[in-house]
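Hello,

Here is the structure we spoke about, with the sequence alongside. My notes on what turned up in it follow below.

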Amino acid sequence: MATLSCDPSDLVPLLGSTATANSTAVAEFLCSRFTTIANSFSSTTYAIDNTYLLFSAYLVFAMQLGFAMLCAGSVRAKNTMNIMLTNVLDAAAGGLSYYLFGFAFAFGAPSNSFIGRHLFGLSNFPNPSTDYSFFLYQWAFAIAAAGITSGSIAERTQFVAYLIYSSILTGFVYPIVSHWFWSADGWASPTRSNNLLFNSGAIDFAGSGVVHMVGGIAGLWGAVIEGPRIGRFDRSGRSVALRGHSASLVVLGTFLLWFGWYGFNPGSFLTISKSYNDGRTYYGQWSAIGRTGVTTTLAGCTAALTTLFTKRLLVGHWNVIDVCNGLLGGFAAITSGCAVVEPWAAVICGFIASWVLTGFNMLAEKVKYDDPLEAAQLHGGCGAWGLIFTGLFARKEYVAEVYQAGRPYGLLMGGGGRLLAAQLVEIMAIIGWVSVTMGALFYGLKKVKLLRISREDEMAGMDLTRHGGFAYVYNDEEDLSGKPSGFMMGRIEPANETPPQEHSPSGMAAV
């Protein structure tokens, strides 16, 4: 919004020269009224932008419910309470750690190019550059990264390990990465005032790398160090499907995540009232926000349909779980470039994201890697593709609107290779940083025997052994109070028995 100002000396000549004193008084009065109106407009603008950001924060936080439903449906019934509790604690532990340390490490300006140094515990807050709504929005992003990791290590991880990794990821590991690429002081940030990486900076608008790759790579190391779940691969090394217990919860969680993504991607503009002053009064940041919603939608839809037909050709049936994962893979990929690409390019992004996810899933089976939610493949693999995609398809005009005119743009759009080079540097930096920090953390937890549960607990299920009972109770306890305990347990699916295997058309056994 343009700055409005009034100077009495500019009005006096217009009011006549016969009564200079009166003219000056009138000019000062008019300017005071004008200043009041200008301040009112400025306050209204702040209110609109903060309301928009708060609404976006609420949408992103609602994604935690989506993660919880998705995770619950993707694990076996005997571990439902455990995975639901870890999702709650991702938000709770992440809230305190991000408040105390994380936000300061990410956005505590002025700072150096590696880490923030101010605003610990939201000291000196709010200030002219940031408000509480921004903290809330960034916290919702931080706990999303932790939620991704929890899916990779589900069904076999000690509860205390979740608390430790979630606090460290949201309070230290993730904030450092977000400082690098989102803070104005970060070494690879496209919003730096000078010394830009390759004169461009890495464009990761809503976090294909910062959020999805960080969560995915952290989950990758956790799952690798823990090893696969018992029964995931048979003695001959063949893959055995340990299917989740509820496709309904998976679909519900997917739709909730889809809904929340409209706060994740369009909300990353942070403001809505900005005008681009290009002569079109109907066009401004509000239009770019709408376009971002469209590109997000198209990428996810394309990935879902591509996965549907790909899996039909590969395994011979239509699988709703695979379609949901494909949809989310498309969303994870478009998150980087959603604001700077055309809608037609988003279709390409989603199409290739589906194949990236399928390829990484096939590779995971080859190397006997077990990830119950395909989180590393989906968020890590598709997130990396999203960064590359942005370096190829970012449009010149949109980069100028969102960042600054004259910046490098997509290689295939005629912008040269500098942006793509910055995107590749981001991929390597995230892989290196998260591997060193979270890999070391998970390895240390394993060494002190705080990472994986016992074989007996894993076979029985953590709901029974660690959380006091199963998530699903099919009969009132009062009705069964006179029955033998064995009868009561018999009415609930036995958690320590191995159900018969069914061979799917692909030759894989289902448990």
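**Confidence first**

Residues 478–511 stay under 50 in pLDDT, and the model has 47 contacts for them beyond four places in sequence. Please keep in mind that this is a predicted model. Averaged over the protein, pLDDT is 87, and 85% of the residues score at least 70.

**The core and helix α6**

The largest nonpolar core has 120 residues. Within this core, Tyr-174, Phe-181, Val-211 and Val-340 touch the most other members. Which residues does Val-211 contact, leaving aside its neighbours within four places in sequence? They are Phe-141, Ala-144, Ala-145, Ile-148, Tyr-174, Trp-182, Ala-206 and Phe-264. Tyr-174, one of these partners, is itself among the four residues that touch the most other core members.

Helix α6 covers residues 208–226. Its 19 residues should span 27 Å at 1.5 Å a residue, and the end C-alpha atoms are 26 Å apart, which agrees. Because 16 of its 19 residues are buried, α6 is largely enclosed by the rest of the structure. Gly-227, just after α6, takes a positive phi of about 90°.

**Helix α4 and Ser-150**

Helix α4 runs over residues 132–152, 21 residues in total. From its first C-alpha to its last it reaches 32 Å, close to the 30 Å expected at 1.5 Å a residue. This helix is mostly covered, with 19 of its 21 residues buried.

Ser-150 is found in α4. Is Ser-150 buried or exposed? Its relative accessible area is 0%, so it counts as buried. Leaving aside neighbours within four places in sequence, Ser-150 is in contact with Ile-83, Asn-87, Asp-90, Tyr-162 and Tyr-165.

**Aromatic pairs**

The count of aromatic pairs comes to 33. Tyr-162 and Tyr-165, both of which contact Ser-150, form a tilted pair, with 6.0 Å centre to centre and 55° between the planes. These two tyrosines lie three residues apart in helix α5 (residues 159–182), and are therefore separated by about one helical turn. In general, an α-helix has 3.6 residues a turn, so residues three or four places apart point the same way. Both Tyr-162 and Tyr-165 are buried.

Tyr-165 also pairs with Phe-442: the ring centres are 5.9 Å apart and the planes are at 40°, so this pair is tilted. Distant parts of the chain are linked here, since Tyr-165 is in helix α5 and Phe-442 is in helix α13 (residues 418–447), 277 residues apart. Phe-442 is buried, as is Tyr-165.

There is also a cluster of rings, in which ring pairs link Phe-105, Phe-114, Phe-120, Phe-172, Trp-180, Phe-181, Trp-187 and Trp-433. Phe-181 in this cluster is another of the four core residues that touch the most other members.

**Salt bridges**

How many salt bridges does the structure hold? There are twelve.

- Arg-395 and Glu-342 meet through their side chains at 2.0 Å, N to O. Arg-395 lies in the loop between α11 (375–393) and α12 (396–402), and Glu-342 in the loop between α9 (320–334) and α10 (343–366), so the pair ties together parts that are 53 residues apart in sequence. Arg-395 is partly exposed at 24% relative accessibility, whereas Glu-342 is buried with a relative accessible area of 16%.
- Arg-395 also forms a salt bridge with Glu-397, the closest N and O atoms being 2.8 Å apart. Glu-397 counts as partly exposed at 41% relative accessibility.
- Arg-238 and Asp-234 form a salt bridge at 2.9 Å, N to O. Arg-238 is partly exposed, with a relative accessible area of 47%, and Asp-234 is partly exposed too, with 23%.
- Arg-76, Glu-155, Arg-229, Arg-232 and Asp-370 are linked in a network of salt bridges.

Regards

Methods. Residues numbered from 1 in each chain as written. Predicted model: local features only at pLDDT ≥ 70, side-chain atom pairs only at ≥ 80, totals over all residues. Heavy atoms only, no water. Core = buried A, V, L, I, M, F, W, Y, C linked by side-chain atoms within 4.5 Å. Buried < 20%, exposed > 50% of the residue type's maximum accessible area, 1.4 Å probe, protein only. Contact = heavy atoms within 4.5 Å. Helix = DSSP H or I, 4+ residues; strand = E, 2+ residues; numbered from the N terminus. Expected span 1.5 Å × (residues − 1). pLDDT = per-residue confidence, 0-100. Salt bridge = Lys/Arg side-chain N within 4 Å of Asp/Glu carboxyl O. Phe/Tyr/Trp six-rings, centres within 6.5 Å; stacked < 30°, edge-to-face > 60°.
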